[in-house]
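Q: I have a model open on my screen and would like to learn how to read it. Could you take me through it feature by feature?

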Amino acid sequence: MEKTSKSAKFYLALVFIVLYTPILYLIFYSFNSGGSMNGFESFTWEHYAAVFSDNRLIMILLNTVIVALLSALIATIIGVFGSIGIVFMRNKSLRKSILSLNNVLIVSPDVVIGASFLILFTAIGVKLGFASVLISHIAFSIPIVVLMVLPKLQEMNSTLIDAAADLGASRRDILTRVIIPFIKPGIFAGFFMALTYSLDDFAVTFFVTGNGFSTLSVEIYSMARTGITLTINALSGIIFIVTLLLVVGYYFVSRRGKNPVGMGVRK
């Protein structure tokens, strides 16, 4: 048992090394005055200063964050109500068909989804830009939210709903006071998964973005053809640090919530 535990710890450490070494390598060279990742010359903050002085890059970053937050929020709302509808659907064959369609969207290649949206937007006359990117991100995020929320709904005992109804609760009360609180972990998981997918997405966004609007992934791809500057390293380092601070902050807030003030007070 102890040997298994040591092997598991070694494997976990190896996974973390493989995951974080490229990120740390990228951040290390963001302080390089040489302007490339071929050799470290001396320490400098100029690449970080360049990030905050580049208004276009800041605007692209804001576009990426706004699209991710809006698409994740809207997809979460639609996905939650969709999941509830699927669970309480009486026709089992129809329920299985909808779940199959949901799973098909998850496993479909991003290139196929992106090309399909491009054809659709061109056919109905939707101008490529913010709206087309937002709609596309909402569409591919909804199945992810459904996949996160459904297990929590299936865990819920139906007697909770029956008991609430017997006590005189309306459908709205059952939804807001019984179902939503129970599936809250799944809702948060779906939201953050959708947010992550939207921030990372390149293939779909590449097809549906237009002139005058871009996201960070598309911009980095465009820069890669002419040579990526260390400004991108600096921007990546800033995003990584902010993400790390948010995760650590959430950890301490959640831990504090489990230890209410006054628990340690003794008389």
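Q: Leaving aside its neighbours within four places in sequence, which residues is Asn-32 in contact with?

A: A contact here means heavy atoms within 4.5 Å. This is a predicted model, and in it Asn-32 is in contact with Gly-39, Phe-40, Glu-41, Ser-42, Thr-44, His-47 and Leu-230, leaving aside neighbours within four places in sequence. Asn-32 itself sits in the loop between α1 and α2.

Q: Is Asn-32 buried or exposed?

A: Buried means under 20% relative accessible area. Asn-32 has 0% relative accessibility, so it counts as buried.

Q: What about Met-193: where is it found, and which residues is it in contact with once neighbours within four places in sequence are left aside?

A: Met-193 belongs to helix α9. Apart from neighbours within four places in sequence, its contacts are Ile-144 and Met-148. For accessibility there is a middle class, between under 20% and over 50%. Met-193 has a relative accessible area of 31%, so it is partly exposed. You can also try a distance on your screen: the C-alpha atoms of Met-193 and Asn-102 are separated by 16 Å, and these two are 91 residues apart along the chain.

Q: Let's move on to helices. What span should the 15 residues of helix α5 have?

A: The expected span is 1.5 Å times one less than the number of residues. For α5, residues 110-124, that gives 21 Å, and the end C-alpha atoms are 21 Å apart, so the two agree. Just after α5 comes Gly-125, whose phi is positive, near 80 degrees.

Q: Which residues of α5 are buried, and which are exposed?

A: A good way to read a helix is to look down its axis and ask where each class of residue points. In α5 the buried residues are Ile-113, Gly-114, Phe-117 and Phe-121. They lie on the same side of α5 because they cover an arc of only 95 degrees around the axis. On the other side of α5 you will find Ile-119, Thr-122 and Ala-123, which are exposed.

Q: What covers the buried residues of α5?

A: The cover includes α4 (92-107), α6 (130-155) and α10 (203-208).

Q: Can we repeat the exercise: what span should helix α8 have, and which of its residues are buried?

A: With 12 residues, 171-182, α8 should span 16 Å; its end C-alpha atoms are 15 Å apart, which agrees. Its buried residues are Ile-174, Val-178 and Ile-179. Their arc around the axis is only 80 degrees, so they are on the same side of α8. The face turned away from that buried side carries Arg-172 and Arg-177, both exposed. Among the elements covering the buried residues of α8 are α3, α6 and α7 (158-166).

Q: Now for the empty spaces. What volume does the largest pocket have?

A: For a pocket, ask about its volume, then its lining, then the classes of residue in that lining. The largest pocket has a volume of about 1100 Å³. It is lined by 25 residues, and the closest to its centre are Val-65, Leu-195, Leu-199, Ile-239 and Thr-243. Two or more lining residues come from each of α2 (46-53), α3 (55-87), α9 (184-200), α11 (216-224) and α12 (230-258). Of these, α12 gives the most, with nine residues. By class, the lining has 19 nonpolar, five polar and one charged residues.

Q: How does the lining of the second largest pocket divide by class?

A: This lining has nine nonpolar, three polar and no charged residues. The pocket holds about 250 Å³ of space, and Tyr-20, Pro-22, Ile-23 and Phe-240 are among the residues that line it. Both α1 (2-29) and α12 supply at least two lining residues, and the largest share, seven residues, comes from α12.

Q: How many cavities of 30 Å³ or more does a search of the whole structure find?

A: A cavity differs from a pocket in that a probe fits inside but cannot get out. The search finds one cavity of 30 Å³ or more, with a volume of about 30 Å³. It is lined by Thr-64, Val-67, His-137, Ser-198, Leu-199, Asp-201, Thr-215 and Ser-217. By class, that makes two nonpolar, five polar and one charged residues. α3 and α9 each supply at least two of the lining residues.

Definitions and conventions
Residues numbered from 1 in each chain as written. Predicted model: local features only at pLDDT ≥ 70, side-chain atom pairs only at ≥ 80, totals over all residues. Heavy atoms only, no water. 1 Å grid on protein atoms, 1.4 Å probe; cavity = no way out; pocket = protein on both sides within 12 Å on 5 of 7 lines; lining within 4 Å. Points joined across faces, edges and corners; volume = space filled by probe spheres on them. Helix = DSSP H or I, 4+ residues; strand = E, 2+ residues; numbered from the N terminus. Nonpolar A, V, L, I, M, F, W, Y, C, P; charged D, E, K, R; others polar. Buried < 20%, exposed > 50% of the residue type's maximum accessible area, 1.4 Å probe, protein only. Arc of directions from axis to C-beta.
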